[in-house]
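The exercises below are to be worked through with the sequence and the model open side by side. Each one sets a task and then follows a solution step by step.

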Amino acid sequence: MSDPILSLLDLKLGFKTYEGLVEVLHGISLRIGRGEKVALVGESGSGKSVTARIILGLLQELKSARISGAIHFDGADLEKLSRRERQALRGTRMSMIFQDPTSSLNPVFPIHVQFHEVLRRMDRNLTQRQGMQRAISLLTDVSIPEPERVLQAYAFQLSGGMNQRVMIAMALANEPSLLIADEPGTALDVTVQAQTLHLMRDLVVRKGTSVLFISHNLGVVREFADRVYVIYKGRIVEHGPTDALFGQPRHPYTKALMAAVPRITGGGIPDIPENSEAFLDPMIDHEVEVPA
Amino acid sequence: MSPVVQLLAKRLSISVIVLIGVSMLIFAIARIIPGDPARIALGPNATTEQVMQLRDKLHLDESIIVQYANFVSDFARGDLGISLYTNRPVMTDIAQFLPATLELVFVAGLFMIGFGIPLGILSARHRGKAADNVIRVLSLLGVSAPSFVWAVILMLLFAFFLPIFPIAGQISDTLTVPPRISGFLLFDCLLAGDLRAFADAAHHIVLPAFALSLSGIGQAARLTRANMIETYDKPYIEMARSYGFPEQRIARRYAFRPSLIPSLTIIGLDFAAMLGNAFLVEAVYAWPGLSRYGVQVILRKDLNAIVGTVLVISATFLIVNIIVDLLIAFINPRIRYAERSRP
């Protein structure tokens, strides 16, 4: 971890309001090594999402935002870059996955148009056909059957899980060094969310992408991340390797957070083969008394 | 069948039903309002016998159902009857007066789209700044005053105090009017290759069309602004930004099209409403459109002409709405595909 892909040092964020400056982040420091998957965990309003948006340089566009501290991305000081240069990083060297895939895709353009737009960020002369071919192979990577059909469709015609895969494929299309996933798939149902997360993990591991994974869901974080930062009221209260942190939480907030998770032993829904007896006769396990 | 064809077929069949309803309604209303059309047409000096003769000729003594049946069978042959006011077939009258009105409404519609939508976009992009405030006040003014008031104000300002535009009429008296081919003067000027006449006619149409379109411009600007601002808060705009697309491109491609959808519906309705407002604007500018005819035939209780005029205006309204529906289907894939998935 000598040369991190991203490091935040004493990052502070305030918003100018009529009642003066309201500070939201009180000095956040974190680092993500190359190929490392780091989670930022906390409840809503703790400052997770604004942190992501500062890293992308989106919040800097807001006039009321006051940002201080150092953000280094791949050796470059982001605060020293111009607006244009920050914009040039987005979608190429860092990209983001959002909470609700279906409403994050544009409703009036089919998927392939949006894909083409994303791929063109790297290669301005990309033709329609080349773009289509790249998109098909990217969609195959996220296990989408019939990628040609999906590319012609609109987001509202696809299921949430399908859109989530499309979004993952788009975010990884330009092989970014850093992927920010802001509560990915929270809008989806739990099984679909788990499936797409597995997929995403396999892909980033294969491509060596560093990930900042933002979530309030400890179960998901435990499975996904190498290291965890716990954020509470705009401060990092605890951090460490996932296993160590989950094994021995020290900060009272982390303990409270973990106590709040309902425990499920076993894990997951058991797979029932289609030719099993239970499948053919749903009553087989239940001794139902047949009235005479 | 493609969803768009399906949509078109559905809208067309609904329109036919609406037209039948309108024809029944206006047919009955025209006959219920007091006054004897035969007496009004013949004047106070006619004898009772003459009046009876005309009533007989017009089948006014038959029951209203028989009269309507006659009307329908005539209409099927493209005959709307004879106007008692001009003594010509109603069809001929309408063919003469309608194009001028349509031309006026059409140019006003172009103004509404051409000024209203860009002003709305400008307003949304500079939300809260001076430009936004100026546009908002102006569009509120446009919406709140009826178009005939604007007609008078604009005429006073730009034709009387500052004589930039001609005060009234469709074309200068000094010019020879090109041969009537389509009935649309601007178009006929072009067909005749007479650019001087075209420029003159265009010069004449600016003020009345602008007066007619002002409330529409205001409406379109306000709506486009509100929709743009709403669209800018959508997740897909943030996603577009997170991919580093330039702001210009986000505005043009990602924000504009989704926010155009609701605006377009209202623009269609406004467009149709302008047909009604055109009557008053035409009266102010002595525009040779359907308005003078329409008012005269109502005052004279000219049954055939009233029914014919109302039907033509309703039909125009319906056609404009169908065009708008198709346009919306074109820019909104959800409509194009929803027809298919509906059970």
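**Exercise 1.** How many bridges join β1(A) to β2(A), and do these strands run parallel or antiparallel?

Solution. Before counting, note that this is a predicted model, in which local features need pLDDT of at least 70, side-chain atom pairs count only at pLDDT 80 or more, and totals for chains, interfaces and linings use all residues. Residues are numbered from 1 along each chain as its sequence is written, while chains are lettered from A and ligands numbered from 1 in the order in which they are written.

Helices (H or I, at least four residues) and strands (E, at least two) are DSSP runs, numbered from the N terminus, and two strands pair if DSSP finds at least two bridges between them. With these rules, β1(A) and β2(A) are found to run antiparallel and to be joined by 10 bridges. A hairpin leads from β1(A) to β2(A) through 2 residues, and Lys16(A) has Leu21(A) as its bridge partner in β2(A).

**Exercise 2.** Place these strands in their sheet, and state which strands stand at the edges.

Solution. The open sheet has 4 strands in the order β2-β1-β4-β5 (chain A), with antiparallel pairing. At the edges stand β2 (20–32) and β5 (76–77) of chain A, each with a single partner strand, so one side of each has no neighbour in the sheet. Strand β1 (residues 6–17) of chain A also pairs with strand β4 (residues 65–73) of chain A, in the antiparallel sense and over 8 bridges; there Leu8(A) has Ile71(A) in β4(A) as its bridge partner.

**Exercise 3.** Describe the sheet of chain A whose pairing is mixed, and the helix that packs on it.

Solution. Begin with the strand order: 6 strands form an open sheet, β6-β7-β8-β3-β9-β10 (chain A), and the pairing is mixed. Its edges are β6 (94–97) and β10 (235–241) of chain A, each of which has a single partner strand, so one side of each is left without a neighbour in the sheet. From one strand to the next the twist averages 15°, where angles run from 0 to 180 degrees between N-to-C directions and axes are lines fitted to C-alpha atoms, for helices over the stretch in contact.

Within this sheet, strand β7 (residues 178–182) of chain A and strand β8 (residues 210–215) of chain A run parallel and are joined by 5 bridges, with Leu179(A) opposite Val211(A) in β8(A). Helix α1 (residues 48–56) of chain A packs on the sheet, where it touches β3 (37–41), β6, β7, β8 and β9 (227–232) of chain A, and its direction makes about 150° with that of β7(A).

**Exercise 4.** Characterise the packing of α7(A) against α8(A) by angle, handedness and composition.

Solution. The axes of helix α7 (residues 160–173) and helix α8 (residues 190–207), both of chain A, come within 10 Å and cross at roughly 15°. That makes α7(A) roughly parallel to α8(A), since angles under 35 degrees count as roughly parallel, over 145 as roughly antiparallel, 65 to 115 as roughly perpendicular and the rest as oblique. The crossing of α7(A) and α8(A) is right-handed; a crossing is right-handed if the near helix is turned clockwise from the far one by less than a right angle, and left-handed if anticlockwise.

Contact requires that the C-beta atoms of two residues, placed from the backbone, lie within 7 Å. Among the residues of α7(A) that meet α8(A) are Ile168(A) and Leu172(A), and the α8(A) side includes Leu199(A), Met200(A) and Leu203(A). The residues of this contact between α7(A) and α8(A) divide into 6 nonpolar, 5 polar and 2 charged, with Ala, Val, Leu, Ile, Met, Phe, Trp, Tyr, Cys and Pro counted as nonpolar, Asp, Glu, Lys and Arg as charged, and the others, Gly among them, as polar.

**Exercise 5.** Which elements of chain B each supply at least two residues of the side that touches chain A?

Solution. Chain B has 14 helices and 0 strands, and 17 of its residues are in contact with 23 residues of chain A. The elements sought are α10 (235–242), α11 (247–285) and α14 (333–341) of chain B, and the largest share, 5 residues, comes from α10(B). By class, this side of chain B has 10 nonpolar, 3 polar and 4 charged residues.
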